[in-house]
Amino acid sequence: GLTRISVARGLLRDGHDVAVFDQRPNVTAGGGAVPIWSNGATVLDQLDVDMTGAGQPLSAVRVMTSTGRPLATMDLDAMVNRLGASIRMVPRRILLERLLKGFPADRIRRNSRATRVVNDGNGVRVDFEDGSSADGDVLIGADGLHSVVRGVVGAPAAKPTGWCSWQGLVTLPGIPDPRVATMMIGEHGNLGLWPAGGSDLQWWVDLPWSPDFVRPQRPIEMIRSHFAGWSGLVDEVLATLTDDDLAPSPFPHFRHPIPGAGAGAVTLLGDAAHTMPPTLSQGTNHALLDTMV
């Protein structure tokens, strides 16, 4: 949803006639929060998206082992000063709200699932599941990880990396240092705790995953068995989380070989072009860069 609206905003701003087709009944932003790094923030600024007061500005990321031994500290203030744009953790729903502000809602067609693309050198046509179709000069496939449009340009499918994330937002009053994100690396898994504004904290844990993975009945017990005792804040988060909080998870990690720029009147954008594991959430930021390119 974020990617489609960002590129549509840019194209409309430049005077193009744009329609956004979304297969879901509503344009929503999937769970949790995302860091908007200086590269993504620069694009949002160029798109006139006002991010004032959104989420939580960050000044450092501390990386340590599961026993608390420091490994590295990323000085985000230095990056911000050098690159001239902020770094902030923003709940996805807030980012989508800001992208949609001032965006003409009638440009979005919902419940539109693409089944076929005709790309004959004379513009392009998309056929949808409900029997309707749409013609255009250019088709941008921003249809995510398992993109239908990606298949049209002959690009190979995404492959799992052997890992997955369990993640979400938790409300935790009195987050000790709201400008500092933490990443911890252990023998059998990794975790992150990233303040996202107010009492919101984005948590994630990475664990091995394979296509034959069987979801445990009580996943919170499995997560606690892996990560309990890593730190006081980790234990506080683990005590707060319930199996309901874990319901949307896990999210298997995939990566794509990056295809060429496109075929005929068809190109790709965001996860459809270059799905990557969610390390430092560069997927969202690179999709914003695609928008500007």
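This short talk walks through two groups of strands and one serine in the structure above.

Good morning, everyone. One caution to begin: this is a predicted model. I have three stops.

Stop one is strand β9. Find residues 124-128. Is this strand mostly covered or mostly open? Mostly covered: four of its five residues are buried.

Which strands pair with β9? Take β8 to begin with, residues 114-118. β8 and β9 run antiparallel, and four bridges link them. Look across from Val 117 and you find Val 126 of β9. The two strands make a hairpin, with five residues between them. Gly 121 in that hairpin has a positive phi near 85°.

Now the other partner, β10, residues 133-136. Again the pairing with β9 is antiparallel, and again there are four bridges. Val 126 comes back here: its bridge partner in β10 is Ala 134. So Val 126 stands opposite Val 117 and also pairs with Ala 134. β9 and β10 form a hairpin too, with four residues between the strands. In that turn, Gly 131 takes a positive phi of about 95°.

A general word on what holds such strands together. Strands of a sheet pair through backbone hydrogen bonds, in a parallel or an antiparallel way.

Stop two is an open sheet. It has three strands, in the order β2-β6-β3, and the pairing is antiparallel. Which strands sit at the edges? They are β2, residues 33-36, and β3, residues 56-57; each of these pairs on one side only. β2 meets β6, residues 88-91, over four bridges. One residue pair to click on: Pro 35, whose bridge partner in β6 is Met 89. Then look for helix α4, residues 92-100, which packs on this sheet. α4 touches β2 and β6. The direction of α4 makes about 85° with that of β6.

Stop three is a single residue, Ser 6. Ser 6 lies in helix α1, which covers residues 2-13. Is Ser 6 buried or exposed? Its relative accessible area is 0%, and buried means under 20%, so Ser 6 is buried.

What does Ser 6 reach? Its side chain comes to 2.9 Å from the backbone oxygen of Thr 3. Ser 6 also has contacts farther along the chain, leaving out residues up to four places away in sequence. These are Leu 47, Leu 99, Leu 288 and Thr 291.

That is the tour. Thank you.

Technical notes: Residues are numbered from 1 along each chain as its sequence is written. This is a predicted model: local features need pLDDT of at least 70, side-chain atom pairs count only at pLDDT 80 or more; totals for chains, interfaces and linings use all residues. Side-chain values use heavy atoms; hydrogens and water are left out. Buried means under 20% relative accessible area, exposed over 50%, partly exposed in between (1.4 Å probe, protein chains only). Two strands pair if DSSP finds at least two bridges between them. A polar contact is a pair of N or O atoms within 3.5 Å; within protein, one must be able to donate a hydrogen and the other to accept it, and residues adjacent in sequence count only if both atoms are side-chain atoms. Contact means heavy atoms within 4.5 Å. Axes are lines fitted to C-alpha atoms, for helices over the stretch in contact, and angles run from 0 to 180 degrees between N-to-C directions.
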